[in-house]
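This report describes one protein chain and its ligand. The sequence and the structure come first, followed by notes on selected parts.

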Amino acid sequence: MPERIVMLVDLDYFFAQCEELRKPSLRSKPVVIGVYSGRTADSGAVSTANYIARNYGVKSGMPIFQAKKKLSNTESVFLPVDYTFYEEISTRVMNFLRVYADAFEQVGIDEAYLDVTHRVNADFEKAEQLSREIKDGLRSRVGLTCSIGVGPNKLVSKIAADRKKPDGLTIVKPEKVRSFLAPLAIDQLIGIGKKTREKMSTLGITTLDDLAGFDVQKLISVFGRNLGVYFHNASQGIDKEPVQERKQPESVSRICTLSENTREAKRIFEKASELCDEIQRTLKERNLTLRTIGIIAVMSDLSIHVKNRTLEAPTEDIEQMKRIVDDLFDEFLGETQLSVRRIGVKVSNLSQPSNHSLLTYFGDKERN
Ligand code: DCP
Ligand code: CA
């Protein structure tokens, strides 16, 4: 394969930066965006935070009450996720970026790969200029900062973008790939989470250099062929994955006919739960999260009814999905006297989480 030049553009502290965009006075304060569970005023988890809040130790995934404690003596601002607004901004950003690429691939809401090989004549100096142009354009046209990694493939550009944030630019030319990766911890690779890291540490592997020097056959015997080969190649910065637009399905649905018409909630829930399991398998295979959940009911008189609920933020949590499906059927049964003949579940508003894990392709649930 001829040498490629691939860029990964990652928007900085995205949800929080969007909030700063619509209210610039937030820029000088610690800003935390939370997904509130609604149980008590402060229950829920931190979705993201601006870098001022991060300096106080606030991190994604942390309980909101803990973030409040860390920011107790500051003028901090806590806001709920407004996913619709962030998606609007994301669409503007992606439309802006797409124009710069020979091939374009959005990953999650705030990241995109751009293959710019032809655009810059396979010249890394020109790629650097182009990166600066993109950063300036995003700042002046949309009002956002981003971090960019540039390398000979997606794997290297992704790791490069993570090296310097916020507002960073890291360029790794092909001849520098090995020395760039060598000292990094193995969990810089997509797909190496806590479990794999511990297993590797018992093999004496902690850095990418250790991994690159490890016998590939031994890796295969421990992790299986797919993963063993992936780890071996990735540790050396080898990655042939093309940059390509992902076609995502609009929705995934399953429908079935009940063995007999019924109004019995328990029987309907049981069947609906099986449909949810099937849908979840499909979502997992395609590495998708959902935000809208719907039920379909075909009644004894063959009339068709649908009910939907849209969540604050995307989820892949099957239990949450089942709870909502149960709620919707509960509500629906309260509104009709008829019995149910066929039921369906449909999820839509699908997206790919930005921290997508390669391992999900190999059936391992571990995440970075
Ligand atoms: N997100 C979330 N929960 C997480 C991680 C992320 O809700 N555990 C959301 C909020 C983020 C967005 O996804 O703004 C993008 O995720 P990133 O991992 O790219 O994080 P940020 O853009 O917030 O920060 P960074 O500046 O490190 O890229
Ligand atoms: Ca980001």
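## Residue M321

In this predicted model, M321 is found in helix α13, which spans residues 318-334. The relative accessible area of M321 is 2%. Because the limit for a buried residue is under 20%, M321 counts as buried.

Leaving aside neighbours within four places in sequence, M321 is in contact with C276, I279, L290, I293 and V347. V177 is 144 residues away from M321 in sequence, and the C-alpha atoms of the two are 43 Å apart in space.

## Residue R291

R291 is part of strand β10, which covers residues 290-299. With a relative accessible area of 6%, R291 is buried.

Residues up to four places away in sequence are not counted in the following list of contacts. R291 touches Y83, T84 and E87, the run R309, T310, L311, E312, A313 and P314, and also S348 and N349.

## Surroundings of ligand 1

There are 15 residues around ligand 1, and those that come nearest are Y13, S47, T48, Y51 and R54. Four elements each supply at least two residues of the shell around the ligand: strands β1 (6-11) and β3 (44-49), and helices α1 (14-22) and α2 (51-54).

Three side chains place an N or O atom close to an oxygen atom of ligand 1. The distance is 2.5 Å for T48, 2.7 Å for S47 and 2.8 Å for R54. On its own, ligand 1 has 550 Å² of accessible area, and the protein covers 76% of that.

## The chain as a whole

The chain has 368 residues, and 49% of them are buried. Its secondary structure comes to 13 helices and 12 strands. Taken along the principal axes, the box filled by the C-alpha atoms is roughly 70 × 55 × 40 Å.

Among contacts in the chain with a separation of 6 or more, 64% are between residues 24 or more positions apart.

## Surface and charge

The accessible surface of the chain comes to about 17900 Å², and carbon and sulfur atoms account for 47% of this area. The chain carries 54 positive and 51 negative charges, and the mean positions of the two sets are 1 Å apart.

How values were computed:
Residues are numbered from 1 along each chain as its sequence is written. Chains are lettered from A and ligands numbered from 1 in the order in which they are written. This is a predicted model: local features need pLDDT of at least 70, side-chain atom pairs count only at pLDDT 80 or more; totals for chains, interfaces and linings use all residues. Side-chain values use heavy atoms; hydrogens and water are left out. Buried means under 20% relative accessible area, exposed over 50%, partly exposed in between (1.4 Å probe, protein chains only). Contact means heavy atoms within 4.5 Å. Accessible areas come from the Shrake-Rupley method with a 1.4 Å probe; for residues, only the protein chains shown count as cover. Lys and Arg count as positive and Asp and Glu as negative; His and the chain ends are not counted. The place of a charge is taken as NZ of Lys, CZ of Arg, CG of Asp or CD of Glu. A residue is near a molecule or strand if one of its heavy atoms lies within 4 Å of it. A polar contact is a pair of N or O atoms within 3.5 Å; within protein, one must be able to donate a hydrogen and the other to accept it, and residues adjacent in sequence count only if both atoms are side-chain atoms.
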